[in-house]
Amino acid sequence: MLSRLPKSTLVPLAFASVYLIWGSTYTAIHVAGETLPPPVVTTARATLSTLLVVVICLLRGKSLRVPRDEMWKLALVGVLFMTVNNTLLTWGETMVPSGYASLVVATTPIMVALIERALPGGDAMNARGWAGTLLGTLGIAVLVWPSLHETRTVTAHYRPGLAIVVLLVAALAFAVGQVLGRRFHLKADTFVASS
């Protein structure tokens with residue numbers, strides 16, 4: 001149904017969905033982190049998302065088997081994405097407002113580009129790619145700027161210095177996981193690998 005819509009409609013729809021889904025995710029993580037310990041939030045989030053993806057795989061008739069030599073690679077990427085990144089993100093959001101956290105984590109694409117550039121045989125981003133990446137990060141800063149100045153959103157455990165370090169390590173874990181995921185050239189189906 002969506003594929004029949006013109007691109008002029010799909011592009012704003014895609015931006016709106018990213019804005020709403022991405023923004024609401026950070027708010028939900030912040031609220032959950034205020035009432036539950038970060039590892040509990042991370043475990044619940046990972047368990048629910050895994051179950052959802054497994055159900056999608058089964059409904060699509062996909063086998064959940066993956067090649068044995070890919071298991072450790074998937075486990076490593078999964079730990080970086082779902083354990084290190086999500087737990088540190090949740091912890092960081094207990095110390096600063098969610099808009100602040102999303103801005104720090106928005107440095108992930110920059111980290112990916114820098115890691116790729118530093119690795120042997122890595123993909124060096126051209127000037128146009130850097131411009132787009134930096135413009136995207138600036139756009140996120142513009143979107144969350146009002147929330148950075150709202151004192152009523154500040155948590156009881158407000159510690160921006162520690163939060164920046166925690167959130168940068170979270171972003172770095174995600175960036176490393178993303179780079180490894182690409183470099184591993186996994187043969188498993190994307191949905192199966194995700195689950």
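This tour proceeds through a predicted model, one selection at a time.

**The nonpolar core**

Begin by selecting Leu89, Val96, Ala101, Val105, Ala163 and Leu167. Within the largest nonpolar core, which has 14 residues, these six touch the most other members. Colouring by helix is useful here, for α1, α3 (68-93), α4 (98-105) and α7 (160-183) each contribute at least two residues to this core. In soluble globular proteins, nonpolar side chains tend to be buried together.

Next, centre the view on leucine 89. Once neighbours within four places in sequence are set aside, the contacts of leucine 89 are Tyr26, Ile29, Ala101, Val105, Leu167 and Ala170.

**A nonpolar patch on the surface**

Switch to a surface representation and select Tyr19, Leu20, Ile21 and Leu143. Together they form a nonpolar surface patch with about 440 Å² of accessible area. Which helix supplies the largest share of the nonpolar patch? Helix α1 (residues 7-35) does, with 3 residues. Isoleucine 21 is located in helix α1, and its relative accessible area of 56% makes it exposed.

**Two aromatic pairs**

The structure contains 2 aromatic pairs. For one of them, select tryptophan 72 and phenylalanine 184. Their ring centres are 5.5 Å apart and their planes meet at 65°, so this pair is edge-to-face. The pair links distant parts of the chain, 112 residues apart: tryptophan 72 belongs to helix α3, and phenylalanine 184 to the loop between α7 and α8. Is each ring buried or exposed? Tryptophan 72 is exposed, at 51% relative accessible area, whereas phenylalanine 184 counts as buried at 17%.

Now select phenylalanine 81 and phenylalanine 174. These form a tilted aromatic pair, with 4.4 Å from centre to centre and 35° between the planes. Phenylalanine 81 is in helix α3 and phenylalanine 174 in helix α7, so the pair ties together parts that are 93 residues apart in sequence. Phenylalanine 81 is partly exposed at 22% relative accessibility, and phenylalanine 174 is partly exposed at 29%.

**The loop between α7 and α8**

Remain at the loop that holds phenylalanine 184 and select histidine 185, which is found in the loop between α7 and α8 (190-194). Histidine 185 has a phi near 50°, a positive value in a residue other than glycine. Most residues other than glycine have a negative phi. The side chain can be inspected from outside: histidine 185 is exposed, with a relative accessible area of 63%.

In that loop, select aspartate 189 together with lysine 62. Their side chains meet in a salt bridge, at 3.3 Å from N to O. Since lysine 62 lies in the loop between α2 (38-59) and α3, and aspartate 189 in the loop between α7 and α8, the pair ties together parts that are 127 residues apart in sequence. Lysine 62 is partly exposed at 29% relative accessibility, and aspartate 189 is partly exposed at 27%.

**A salt-bridge network**

How many salt bridges does the structure hold? There are 4 salt bridges. Side chains of opposite charge can pair when their charged atoms come close.

Select glutamate 116 and arginine 182. They form a salt bridge in which the closest N and O atoms are 3.5 Å apart. Glutamate 116 in helix α5 (residues 108-118) and arginine 182 in helix α7 are 66 residues apart, and the pair links these distant parts of the chain. Glutamate 116 is buried, with a relative accessible area of 4%, while arginine 182 is partly exposed at 46%.

Add arginine 183 to the selection. The side chains of glutamate 116 and arginine 183 also meet in a salt bridge, at 3.5 Å from N to O. With glutamate 116 in helix α5 and arginine 183 in helix α7, the pair ties together parts that are 67 residues apart in sequence. Arginine 183 is partly exposed, at 32% relative accessible area. Adding Asp123 completes the selection: Glu116, Asp123, Arg182 and Arg183 are joined into one network by salt bridges that share partners.

**Final stop: histidine 157**

Select histidine 157, in the loop between α6 (127-148) and α7. Residues up to four places away in sequence are not counted here; histidine 157 touches Thr94 and Met95. Then add glutamate 34: histidine 157 and glutamate 34 are 123 residues apart in sequence, with 9.6 Å between their C-alpha atoms.

Notes: Residues are numbered from 1 along each chain as its sequence is written. This is a predicted model: local features need pLDDT of at least 70, side-chain atom pairs count only at pLDDT 80 or more; totals for chains, interfaces and linings use all residues. Side-chain values use heavy atoms; hydrogens and water are left out. Patches are made of residues with over 30% relative accessible area and no salt bridge: like charges are joined within 9 Å, nonpolar side chains (Val, Leu, Ile, Met, Phe, Trp, Tyr) within 5 Å. Accessible areas come from the Shrake-Rupley method with a 1.4 Å probe; for residues, only the protein chains shown count as cover. Helices (H or I, at least four residues) and strands (E, at least two) are DSSP runs, numbered from the N terminus. Buried means under 20% relative accessible area, exposed over 50%, partly exposed in between (1.4 Å probe, protein chains only). A nonpolar core is a set of buried Ala, Val, Leu, Ile, Met, Phe, Trp, Tyr and Cys residues joined through side-chain atoms within 4.5 Å. Contact means heavy atoms within 4.5 Å. Rings of Phe, Tyr and Trp (its six-membered ring) pair if their centres lie within 6.5 Å; planes under 30 degrees apart count as stacked, over 60 as edge-to-face and the rest as tilted.
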